[in-house]
Amino acid sequence: MVVGAGPMGGYAADIISSAGWRVALIEEHRNIGVPVQCAGLVTPRIFEIVDKRLTVVNSLRGAEIYSPKGRELIVDGRETKAVVLDRAAFDSEIARDALLHGATSLLGSTFVNAEKKGRGLELDVQTPDRMVKLNCRILIGADGIRSNVSKCFKLPRAESIVKGFEAELVEVDCDRRFAKIFTGNDVAPGFFAWIIPTGEGGARVGLCVARGSAYHYFNALFEKGESARFLKKSRTVSFVAGAIPFGLLSRTVEDHVMVVGDAACQAKASTGGGIYTGLVASKICADTAILALEADDFSKKFLSRYHRNWKKAIGRELKRGLHLHRLCRDLTDKQMEEVFKLLDNDEILEMVSETGDITFPSSIGWHLLRKEPRFMKFLTPSLKALFK
Ligand SMILES: Cc1cc2nc3c(=O)[nH]c(=O)nc-3n(C[C@H](O)[C@H](O)[C@H](O)COP(=O)(O)OP(=O)(O)OC[C@H]3O[C@@H](n4cnc5c(N)ncnc54)[C@H](O)[C@@H]3O)c2cc1C
């Protein structure tokens, strides 16, 4: 049984059903993919996992990054470095594959509770018309930041969250090949704001914040600072509110249970990107479920190979992201200006343009420190240790 038809749940259900096992995908909304709670920015590397290129609405080659005082740095990869997804279509296309391979869907149905019964679990699920009891041998919680599966089995929760607010707009004055990133404690405290062009004058404009109201800072993007000049004529198509959980969880399995994606805090705290890392973990989760079904062993001990293996695959990137997030979250605007000043150097920008990769953003840290040792002074002792 898979709870949550986001990308991680849909992908896990697809792999398990393709291997010939019976899977049910439980989703509380009646339509898969909505409401969208994501900017949809990923690297094309994602298509090596799920080939959903048809859901791309725009391709980006770089970013224009603004310091709190408006110093502009241009990172130009000169070729496609990232793509913007139609996230609703992306999610529903992945789930469609699972259904084509034999999974069943329970839409408009909410997972409420589970308890051990016989050799498996008994679930309480609220369907559109009544509460039903369903039995399964293995339960995958891909139910996002509010994960009820995680709560039910007392799995650890996020160390921190950032709250986000975003709108899809038209008539945004921007170059469709470049994302814009805005920083500063008056702009997006503890994280950053963005304009991500979707093409033809459209863009997703939003931010995440570690402190304060995301909605308040979102509104300010239109009124003051560097962002306002690009948004003068813009008009809103839709709004998105959401949050991203961060942490490196010590436990993501229980007897008969695994959690994946945002339910397991698998997004990178450096950028907020959770789709790539979550899909990597989702494959490991689904493969483990298949092994457990074949071995008829659903013990925590057996399933713990999922926990070990996803940590091996993405744990280092998540750990570095967390350190970087803690560091950036606490920088003053003055310190940020100093960082921008050091970055504002042709050689460094060229290097960032060449090696920058939003899938593995921590790799840039190594290159930066080698090129400009003065960055060392911004690192906390624990982060210095990581880069040694
Ligand atoms: C503002 C914002 C911008 C972002 N931008 C990006 C970006 O540009 N790039 C990127 O890579 N990542 C981005 N992310 C992060 C990314 O959206 C998440 O990491 C990703 O969606 C996690 O996928 P998931 O399948 O784990 O969970 P979700 O996508 O949250 O899916 C969980 C699903 O479970 C369902 N569900 C929840 N509880 C229940 C229940 N009890 N019963 C049944 N169903 C349930 C929900 O309805 C939902 O469909 C962003 C996040 C936010 C908030």
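**Group meeting: sheets, a helix and a core in a predicted model**

Let me start with one helix. Helix H4, residues 214-221, lies across strands E13, E15, E16 and E17, with E15 covering residues 193-199. Its direction is at about 135 degrees to E16. Please keep in mind that this is a predicted model.

Now the sheet under discussion. How many strands form it, and in what order? Seven strands form this open sheet, and the order is E6-E5-E14-E15-E16-E13-E17, with mixed pairing. Strand E6 (72-76) and strand E17 (235-246) stand at the edges. Each has a single partner strand, so one side of each is left without a neighbour in the sheet. From one strand to the next, the twist averages 20 degrees.

Two pairs in this sheet deserve a look. The pair E13 and E16, residues 160-170 and 202-209, is antiparallel and has seven bridges. For one residue you can find on screen, take Lys163, whose bridge partner in E16 is Val209. At the E6 edge, strand E5 (residues 62-66) is joined to E6 by five bridges, and these two also run antiparallel. Here Ile65 has Leu73 of E6 as its bridge partner. E5 and E6 form a hairpin with five residues between the strands. In that hairpin Gly70 takes a positive phi near 100 degrees.

Staying with E6, look at Asp76, which lies in that strand. Is Asp76 buried or exposed? The cut-off for buried is under 20% relative accessible area. Asp76 has 17%, so it counts as buried. Its side chain makes a polar contact with the side chain of Arg61 at 2.6 Å. A polar atom of the Asp76 side chain also lies 2.8 Å from the backbone nitrogen of Arg78. Leaving aside neighbours within four places in sequence, the residues in contact with Asp76 are Arg61, Gly62, Phe178 and Ser353.

A second charged residue to examine is Arg204, found in strand E16. Arg204 is buried as well, with a relative accessible area of 7%. What does its side chain reach at 2.8 Å? That is the backbone oxygen of Leu85. The Arg204 side chain also makes a polar contact with the side chain of Glu168, at 3.2 Å. Along the chain, Arg204 and Thr236 are 32 residues apart, and their C-alpha atoms are separated by 9.7 Å.

Leu85 takes us to another sheet. Three strands form this open sheet in the order E3-E7-E4, with antiparallel pairing. Its edge strands are E3 (41-42) and E4 (56-60), each of which pairs on one side only. E4 and E7 pair over four bridges, and Val56 has Leu85 in E7 as its bridge partner.

Next, the nonpolar core. The largest one has 48 residues. Those with the most contacts inside it are Ile16, Ile140, Met258, Val260, Ile275, Leu279 and Tyr306. Which elements give two or more residues to this core? They are helix H1 (7-18), strand E7 (82-85), helix H2 (87-100), H6 and helix H7 (300-329). H6 gives the most, with twelve residues.

Met258 is a useful example from that list. Apart from neighbours within four places in sequence, its contacts include Ile138, Ile140, Thr252, Cys285, Ala289, Leu303 and Tyr306.

That leaves H6. The helix covers residues 275-295, which makes 21 residues. From its first C-alpha to its last it reaches 30 Å, close to the 30 Å expected at 1.5 Å a residue. Why can we call H6 largely enclosed by the rest of the structure? Because 16 of its 21 residues are buried. Just after H6, Asp296 takes a positive phi of about 50 degrees.

One residue of H6 to finish with is Leu291. At 38% relative accessibility, Leu291 counts as partly exposed. Leaving aside neighbours within four places in sequence, Leu291 is in contact with Phe302 and Arg305. The C-alpha atoms of Leu291 and His29 are separated by 30 Å, and these residues are 262 apart along the chain.

Methods
Residues are numbered from 1 along each chain as its sequence is written. This is a predicted model: local features need pLDDT of at least 70, side-chain atom pairs count only at pLDDT 80 or more; totals for chains, interfaces and linings use all residues. Side-chain values use heavy atoms; hydrogens and water are left out. Two strands pair if DSSP finds at least two bridges between them. Axes are lines fitted to C-alpha atoms, for helices over the stretch in contact, and angles run from 0 to 180 degrees between N-to-C directions. Contact means heavy atoms within 4.5 Å. The expected span of a helix is 1.5 Å times one less than its number of residues. Buried means under 20% relative accessible area, exposed over 50%, partly exposed in between (1.4 Å probe, protein chains only). A polar contact is a pair of N or O atoms within 3.5 Å; within protein, one must be able to donate a hydrogen and the other to accept it, and residues adjacent in sequence count only if both atoms are side-chain atoms. A nonpolar core is a set of buried Ala, Val, Leu, Ile, Met, Phe, Trp, Tyr and Cys residues joined through side-chain atoms within 4.5 Å.
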